[in-house]
Amino acid sequence: MNLITRGLAAAALLALPLTTATPAAAAPESAPAAAPMSLTDGISALPVADESRTGYARTKFKHWVDEDGDRCNTRAEVLIAESRIEPTVEPGCKVTVGEWFSYYDGATITAPGALDIDHMVPLAEAWDSGASGWSAERREAYANDLGADASLLAVTAKTNRSKADKDPAEWMPPTADARCTYIADWVGTKLRWGLAADQAERDALAQIATGCGQQQVEYTTAP
């Protein structure tokens, strides 16, 4: 589900009873999608660079924001978009009930309080990989990226906190069947935002990719 779909989903739900009615959000223009590539080609396309966390602070990535002014912040937009049933959204865009599938661990969740919104490439990892040189505005755009399905995911709080700021050399989803999708999403997110990988990370990605068959990487370059 892309930004347009997410914006329309939120707007439609806010027009229902017990919600605050707002107009549908207008999506910003985005770059054309890159041609799908094999997972191994995607990994090879990642620039290799040493990482540095010097100067990092989570507050340098402003989130969660209501970028389109529809009263739903980024967390709420993701919860609404990813619910497998029509979620209950109370005034103020408070999502109270829905059904979410956390693909990292295969869990189905109905209480949004049990979910975290995971940055596919964690904020600290993004900083280490190139975001330290970005403007505050671009870091905010990264932290609230609704333009690509893989950028932000509703997952169980326990798996998100287990992952923390680790890269694939240090952490992988506990469900083995999720791992090829996970590294494809990781690589696609880094390519979308022009982020680098360190050598250990790239080696780990390449090793995991050997068991991923025809898995592809798809992404659009971030505006």
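Being four residues apart in helix α7, Y182 and W186 are separated by about one helical turn. In this predicted model, the two residues provide a starting point for describing the aromatic contacts of the protein.

**Aromatic pairs around helix α7**

A pair of aromatic rings is described by the distance of the centres and the angle of the planes. The structure holds 12 aromatic pairs. One of them joins Y104 and Y182 in an edge-to-face arrangement. Y104 belongs to the loop between β4 (100-102) and β5 (107-109), while Y182 lies in helix α7 (residues 179-193), so this pair ties together parts that are 78 residues apart in sequence. The rings of Y182 and W186 also pair; because their planes stand at 40 degrees, the arrangement counts as tilted, the edge-to-face class being reserved for angles over 60 degrees. Y182 thus takes part in the pair with Y104 and in the pair with W186.

| Pair | Centre to centre | Angle between planes | Class |
|---|---|---|---|
| Y104 and Y182 | 5.4 Å | 85 degrees | edge-to-face |
| Y182 and W186 | 6.2 Å | 40 degrees | tilted |

Each of these residues is buried: the relative accessibility is 0% for Y104 and 0% for Y182, and W186 has a relative accessible area of 0%.

**An aromatic cluster and a charged neighbour**

Ring pairs also link Y56, F61, W127, W134, Y142 and W193 into a cluster. Within this cluster, W134 has the charged end of R138 over its ring, at 5.5 Å from the ring centre.

**Helix α8 and its contacts**

A209 is located in helix α8, which spans residues 199-209. With a relative accessible area of 6%, A209 is buried, because the limit for a buried residue is under 20%. When residues up to four places away in sequence are left aside, A209 touches L39, T40, I43 and I183. The contact with T40 spans 169 residues along the chain, and the C-alpha atoms of A209 and T40 are separated by 6.6 Å. I183, another residue touched by A209, falls within the range of helix α7 (residues 179-193).

**The protein as a whole**

The secondary structure comprises eight helices and eight strands. Of the 223 residues, 48% count as buried. Among contacts between residues at least 6 apart in sequence, 73% join residues at least 24 apart. The protein exposes about 10,400 Å², of which carbon and sulfur atoms supply 51%.

Technical notes. Residues are numbered from 1 along each chain as its sequence is written. This is a predicted model: local features need pLDDT of at least 70, side-chain atom pairs count only at pLDDT 80 or more; totals for chains, interfaces and linings use all residues. Side-chain values use heavy atoms; hydrogens and water are left out. Rings of Phe, Tyr and Trp (its six-membered ring) pair if their centres lie within 6.5 Å; planes under 30 degrees apart count as stacked, over 60 as edge-to-face and the rest as tilted. Helices (H or I, at least four residues) and strands (E, at least two) are DSSP runs, numbered from the N terminus. Buried means under 20% relative accessible area, exposed over 50%, partly exposed in between (1.4 Å probe, protein chains only). A charge sits over a ring if NZ of Lys or CZ of Arg is within 6 Å of the ring centre and within 35 degrees of the ring normal. Contact means heavy atoms within 4.5 Å. Accessible areas come from the Shrake-Rupley method with a 1.4 Å probe; for residues, only the protein chains shown count as cover.
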